[in-house]
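Please open the model in your viewer and keep the sequence panel beside it. The stops below say what to select next and what is to be found there.

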Amino acid sequence: MAKSSKLVAVRRGRVLLVRRRRDRRWMFPGGRRRTSESDRQCLHREIKEELPRLKLGRLKLWKEVNKRNRRSGRKMSDAIFITSKASGELKIGDKREIDRAVWRKPRGIRLTPTSRYIRDKLFPKLPR
C-alpha cells in the first residue's frame with residue numbers, strides 16, 4: 001500500500017488543485033494514509049477534511065507510484081485516483097493546511113514535486 005493518496009479530478013479541461021498554506025505551492029488534493037486505512041479510504045477522509053462540500057463520482061485507481069522523483073530526489077509512495085465527476089462548492093475545511101482550492105489548467109503554476117510528476121505523466125506538454 002502507498003503512504004498517501006492523491007486525487008486528480010478533471011472537469012472541462014481543468015483540474016482541481018489546492019494550495020498549501022506553509023509554502024504556497026499547489027498540489028492535487030489528498031494526504032497521508034493512516035495505519036488502518038486503505039488507499040481509497042484515505043482519499044475519502046482527506047477530501048472530506050480538506051474540501052468538505054466536494055462530491056466525488058466514481059474513483060478509478062490510475063497508478064501506484066513508488067519511486068524517487070528525478071527533480072527533487074524525494075521518494076514518492078502515492079496511490080493516485082482519477083475522477084471526471086466532481087461537483088460542489090470548493091469550501092476549505094482544514095484552513096491550517098490549505099488556503100485555496102481552484103479548478104484550473106495544470107501548467108504555469110508552482111506545484112509540489114509529486115504533483116508536478118503526476119501532471120507531467122497525465123498531461124504531457126503538447127508540441128507547438
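## A tour by selection

Begin with R33, which is partly exposed, with a relative accessible area of 24%; here buried means under 20% relative accessible area, exposed over 50% and partly exposed in between, with a 1.4 Å probe and protein chains only. This is a predicted model, in which local features need pLDDT of at least 70 and side-chain atom pairs count only at pLDDT 80 or more, while totals for chains, interfaces and linings use all residues. Residues are numbered from 1 along each chain as its sequence is written, and side-chain values use heavy atoms, with hydrogens and water left out.

**R33 and helix α1.** Add D39 to the selection: its side chain meets that of R33 in a salt bridge of 3.5 Å, N to O, a salt bridge being a side-chain nitrogen of Lys or Arg within 4 Å of a carboxyl oxygen of Asp or Glu. D39 counts as buried, at 8% relative accessibility. Now extend the selection to helix α1, residues 39–50; helices (H or I, at least four residues) and strands (E, at least two) are DSSP runs, numbered from the N terminus. The twelve residues of α1 reach 16 Å from first C-alpha to last, close to the 16 Å expected at 1.5 Å a residue, where the expected span is 1.5 Å times one less than the number of residues. The buried residues of α1 include D39, C42, L43 and I47. With R34, E37, R45, E46 and E49 displayed, you will see a network of salt bridges linking these residues.

**Strand β2 and its partners.** Next select β2 (14–20), a mostly covered strand in which six of seven residues are buried. β2 pairs with β1 in the antiparallel sense over two bridges, two strands being taken to pair if DSSP finds at least two bridges between them. In β2, V15 is the bridge partner of V10, and V15 also stands opposite R104 in β9. The pairing of β2 with β9 is likewise antiparallel and runs over six bridges. With strand β3 (residues 26–27), β2 pairs in the antiparallel sense over two bridges, and there R19 stands opposite W26.

**Two turns.** Which residue has a positive phi in the turn of the hairpin formed by β1 and β2? The residue to centre on is R12, with a phi of about 50°, in a hairpin that has two residues between its strands. R12 is exposed, with a relative accessible area of 74%. Then move to R24, in the turn of the hairpin of β2 and β3, which has five residues between its strands; R24 has a positive phi of about 60° although it is not a glycine. These turns deserve a look because most residues other than glycine have a negative phi.

Keep R24 selected and add D99, since the side chains of the two meet in a salt bridge (3.4 Å, N to O). D99 lies in strand β9 and R24 in the loop between β2 and β3, so the pair ties together parts that are 75 residues apart in sequence. At 46% relative accessibility, R24 counts as partly exposed.

**The nonpolar cores.** Select L16 and display its contacts, meaning heavy atoms within 4.5 Å: beyond its neighbours within four places in sequence, they include A9, M27, F28, L51, L54 and V102. L16 is among the residues that touch the most other members of the largest nonpolar core, which has 17 residues; a nonpolar core is a set of buried Ala, Val, Leu, Ile, Met, Phe, Trp, Tyr and Cys residues joined through side-chain atoms within 4.5 Å. Two or more residues of this core come from each of β1, β2, α1, β7 and β9, with the largest share, three residues, from β9. Apart from this core lies another, of 13 residues, among them V8, W26, F28 and M76.

**Last stop, R107.** Finish in the loop between β9 (98–104) and α2 (113–122), where R107 is found. R107 counts as partly exposed, at 27% relative accessibility. Its side chain is joined to that of D120 by a polar contact of 3.4 Å; such a contact is a pair of N or O atoms within 3.5 Å, where within protein one must be able to donate a hydrogen and the other to accept it, and residues adjacent in sequence count only if both atoms are side-chain atoms. Leaving aside neighbours within four places in sequence, R107 is also in contact with R119, F123, P124 and K125.
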